[in-house]
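Could you walk me through this structure and show me how its descriptions are justified? I am new to it and would like each term set against the numbers.

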Amino acid sequence: MPLTAHQWRSIGERLLSEALERRTGKLLLEGRALDAEAEERAVRAAHDALFGLGGLQALLDDSEVENIDANGCDRVFVRYADGRKEQMAPIAASDAELVELIRTIAARGGAEERRFDRAVPRLNVQLPDGSRMFAVMAVSGRVSLSIRRHRYPRATLPELRKLGVFDAELESLLRALVLARKNIIVAGGTNVGKTTLLRALASEIPSSERLVTIEDTYELGLHEDGLHPDVVPMQAREANIEGEGAIDQAELVRWGLRMAPDRVIVGEIRGAEVVPMCNAMSQGNDGSLSTIHASTSRGVFTKLAAYAVQAPERLSLEATNLLVASAVHFVVHLARDTSGRRAISSVREIIGADGPQLISNEVYRPGPERRAVCSTPLRAQTVAELEATGFLPPVAAGFGGWSE
């Protein structure tokens, strides 16, 4: 009978303890002094190599570390939650050892095959703590990796409000949009908190609903958040060593729709999945969520059109606009404010399409500090739908309130 992970760890810790006792005894017999600090470092390094992620483990154990970037084994840079960037000690003795560490991480990254060699010189994998690691070799001067931490794997809207991502007024609106089953795309640049906000929005979904999540690499973790008992998490699969068996997100969206979901959540729209995703949103799976990279809330429409024209369906701009207008209700854009903090900067309501133009209202626009400020009233029909969830529209200066 194969040993469990807990049993393996217990055996490893016992062997490590016995090896340490033998070394201590040898030093005592030789009359040599014990260096407690060096001994502790050695034990920690051995423990991290056996049960953790080697030289990366100490950085991953630091809750204030947000990003880890290594350009080779000895050029390691860390960005902290407060914005500081520091160079750290090497994470491996050589680049070859770093490659072996990355391969070990890939082997522990799940049941799916994750190669990392000259034939497949890139790796995208989720770490045990939920962080995402991307590594490359052969195509770069040295083997390199980037790790993006998720410091709030169980994020909620109240928690993000306390962190200053938005105010109480916006929190109320976001909650109402989820409860009213509005389809939402969360947009923004790299590392502004799109996935964290998506988790927070999903935390407002009633626990009775059935969810299907589609991701390139598992990050959302809704099947483990304790809030949603009925979740089917699906992850794209790379081709095997023979070049067969690849399954992309677009195909997973189609499969997900056959699993009777109340909502479909796509971790990130980045290609051909845009068409089946929009079809899902417009065919009865209202309340679906996704993220996309875009520098502005209006720029989301350009990105969607670009992806749609590259998809197998080869949709024209006019057809894409009609599809998006019938599928997406709101775009929520994240950015960094003037002080460098993550914040919602824009909320845009999609109204309709007119040929090459997609019509929308920017309900909240970036203010002087690049944080969202009230701008344009919601449509009366939308206000009525939100009020049915208990939402109370604010009285916004300049236009007298959304409900009028």
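Q: What makes the pairing of the sheet β3-β2-β1-β6-β5-β4 what it is, and how many strands form it?
A: In this predicted model, 6 strands form that open sheet, and their pairing is antiparallel. One of its pairs is β2 (residues 76–80) with β3, which run antiparallel and are joined by 4 bridges. Two strands count as paired if there are at least two bridges between them, so the 4 bridges of β2 and β3 satisfy the rule. Within this pair, V78 stands opposite E86 in β3.

Q: Why are β3 and β4 called edge strands?
A: β3 (85–88) and β4 (122–126) each pair on one side only. As for the twist of this sheet, neighbouring strands are turned by 15° against each other on average, with direction ignored.

Q: What is the order of the strands in the 9-stranded sheet, and which kind of pairing does it have?
A: The order is β9-β8-β10-β11-β7-β12-β13-β14-β15, the sheet is open, and the pairing is mixed. β9 (231–235) and β15 (372–374) stand at its edges with a single partner strand each, so one side of each has no neighbour in the sheet. From one strand to the next, the twist averages 30°.

Q: How do you know that β7 pairs with β11 and with β12, and in which sense?
A: The cut-off is at least two bridges. β7 has 5 bridges with β11, in the parallel sense, and 5 bridges with β12 (residues 330–336), also in the parallel sense. Both pairs therefore pass the cut-off. On the β11 side, I185 has S290 as its bridge partner, while I184 stands opposite F330 in β12.

Q: What about β10 and β11: how many bridges join them?
A: They run parallel and are joined by 2 bridges, which meets the requirement of at least two. Here V266 stands opposite S290 in β11.

Q: Why is β7 described as largely enclosed by the rest of the structure?
A: A residue counts as buried when its relative accessible area is under 20%. By that test 5 of the 5 residues of β7 are buried, so the strand is largely enclosed. I184, V186 and G188 point one way and I185 and A187 the other way, and all are buried. For the protein chain, buried residues make up 46% of the 404 residues.

Q: What makes α9 largely enclosed, and which elements cover it?
A: 7 of the 9 residues of α9 are buried, so this helix is largely enclosed as well. The buried ones are V274, V275, P276, M277, C278, A280 and M281. Their cover includes β7 (184–188), α8 (249–257), β10 (263–266), β11 (289–293), α10 and α11. α9 lies across β7, β10 and β11, and it runs at about 145° to β11. After α9 comes G284, whose phi is positive, near 110°.

Q: Why are α9 and α11 called oblique to each other?
A: Helix α9 (residues 274–282) and helix α11 (residues 317–327) pack at an angle of about 40°, with their axes 8 Å apart. Roughly parallel would need an angle under 35 degrees, and roughly perpendicular covers 65 to 115. The angle of about 40° fits neither class, so the pair is oblique. The crossing is left-handed.

Q: Which residues make the contact of α9 with α11, and what classes do they belong to?
A: From α9 come V275, C278, N279, M281 and S282, and they meet L323, V324, S326 and A327 in α11. By class there are 6 nonpolar, 3 polar and no charged residues.

Q: What makes α10 oblique to α11?
A: The axes of α10 (residues 299–310) and α11 come within 9 Å and cross at roughly 120°. The perpendicular class ends at 115 degrees and the antiparallel class needs over 145, so roughly 120° makes α10 oblique to α11. This crossing is right-handed. L304, A305 and A308 in α10 meet L317, T320 and V324 in α11, a contact with 5 nonpolar, 1 polar and no charged residues.

Methods
Residues are numbered from 1 along each chain as its sequence is written. This is a predicted model: local features need pLDDT of at least 70, side-chain atom pairs count only at pLDDT 80 or more; totals for chains, interfaces and linings use all residues. Side-chain values use heavy atoms; hydrogens and water are left out. Axes are lines fitted to C-alpha atoms, for helices over the stretch in contact, and angles run from 0 to 180 degrees between N-to-C directions. A crossing is left-handed if the near helix is turned anticlockwise from the far one by less than a right angle, and right-handed if clockwise. Contact means heavy atoms within 4.5 Å. Ala, Val, Leu, Ile, Met, Phe, Trp, Tyr, Cys and Pro count as nonpolar, Asp, Glu, Lys and Arg as charged, and the others, Gly among them, as polar. Buried means under 20% relative accessible area, exposed over 50%, partly exposed in between (1.4 Å probe, protein chains only).
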